[in-house]
Amino acid sequence: MIEANRTVDSLIIRTALPAEAAAVAELHGRARATYYPDGLPDDGLDWPALWTQAIARPDGQVLCAVREGRMVAIASFRTPEGAAAETVKLFQFHVDPGHWRSGVGTALHTACVEQWRADARRTAVLDVHAGNHRAQTFYARQGWVPDPENPPAEGDHHLFLRFSVPGE
């Protein structure tokens, strides 16, 4: 688990704090809204409460990237239920739209990979919204590939990707 802050240029990457759950949820909402052409659907979920739970999970981690005192990106990951211990799932990965193409996402992804390597993870998985081509392109640049164990089904709204965590 990342205990100390990592500074990349003026960007600090660290573990999110429980008191920051509302800020995490707001960033999450802003990022998600960009790939829903008709506006972010009301899913009825209490995202601040869900982020509070994610941050508090002893078996997971939520990282945040902070620039000039403002949270600009988040990543949440843990071993999914029923998966092998060397597998990690990237459940959420969002960059504030005002910070796209600034290197924030790449720096946060690099911090995730470093943590996965330190935790002896060998494989990472995620699902990405089928209409979120910007994110799909980002993940492909980072080395993610379609997950052969989870091909998309007809009408599926998500694509499943896999990443091989590089060794030391």
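**Helix 2, aromatic pairs and a pocket**

Q: What covers the buried residues of helix 2?
A: Helices (H or I, at least four residues) and strands (E, at least two) are DSSP runs numbered from the N terminus, and contact means heavy atoms within 4.5 Å. What covers the buried side of helix 2 includes helix 1 (21-33), strand 3 (60-67), strand 4 (70-78) and strand 5.

Q: What pLDDT do local features need in this predicted model?
A: Residues are numbered from 1 along each chain as its sequence is written, and side-chain values use heavy atoms, with hydrogens and water left out. This is a predicted model in which totals for chains, interfaces and linings use all residues, side-chain atom pairs count only at pLDDT 80 or more, and local features need pLDDT of at least 70.

Q: Within what arc do the buried residues of helix 2 fall?
A: Buried means under 20% relative accessible area, exposed over 50% and partly exposed in between (1.4 Å probe, protein chains only). In helix 2 (residues 47-56), the buried residues are Trp51, Ala54 and Ile55. The arc is that of the directions from the helix axis to the C-beta atoms. Looking down the axis, these buried residues line one face of the helix, because they fall within an arc of 95°.

Q: Which exposed residues does the opposite face of helix 2 carry?
A: We have just met the buried residues Trp51, Ala54 and Ile55. Turned away from that buried side is a face with the exposed residues Gln53 and Ala56.

Q: How many aromatic pairs are there?
A: Rings of Phe, Tyr and Trp (its six-membered ring) pair if their centres lie within 6.5 Å; planes under 30 degrees apart count as stacked, over 60 as edge-to-face and the rest as tilted. By this rule, the number of aromatic pairs comes to eight.

Q: How many residues apart are phenylalanine 93 and tyrosine 139?
A: These two form an edge-to-face pair, 6.2 Å centre to centre with 65° between the planes. Phenylalanine 93 counts as buried at 11% relative accessibility, and tyrosine 139 counts as buried at 6%. The pair links distant parts of the chain, with phenylalanine 93 in strand 5 (residues 87-95) and tyrosine 139 in helix 4 (residues 133-142), and the separation is 46 residues.

Q: Which residue pairs with tyrosine 139 at 5.8 Å centre to centre?
A: This pair is edge-to-face, with 65° between the planes. The partner is buried, at a relative accessible area of 4%. Both belong to one aromatic cluster that also includes Phe77, Phe93, Trp116, Phe138 and Phe163. The partner is tryptophan 144.

Q: How far is arginine 134 from the ring centre of tryptophan 100?
A: A charge sits over a ring if NZ of Lys or CZ of Arg is within 6 Å of the ring centre and within 35 degrees of the ring normal. The charged end of arginine 78 does so over phenylalanine 91, 4.1 Å from its centre. Arginine 134 lies over the face of tryptophan 100, and its distance from the ring centre is 3.9 Å.

Q: What is the volume of the largest pocket?
A: On a 1 Å grid over the protein atoms alone, a cavity is a set of points where a 1.4 Å probe fits but cannot get out, and a pocket is an open set with protein on both sides within 12 Å along at least five of seven lines; lining residues have an atom within 4 Å of a point. Grid points are joined across faces, edges and corners, and a volume is the space filled by probe spheres set on the points. For the largest pocket it is about 780 Å³.

Q: Which element supplies the largest share of the lining of the largest pocket?
A: Of the 36 lining residues, the closest to the centre are Phe93, His94, Asn132, Ala135 and Tyr139. Elements that each supply at least two lining residues are helix 1, strand 5, helix 3, strand 6 and helix 4. The largest share, seven residues, comes from strand 5.

Q: What is the relative accessible area of arginine 101?
A: Arginine 101 lies in the loop between strand 5 and helix 3 (104-118). Its phi is positive, about 60°, although it is not a glycine. Arginine 101 is exposed, with a relative accessible area of 74%.
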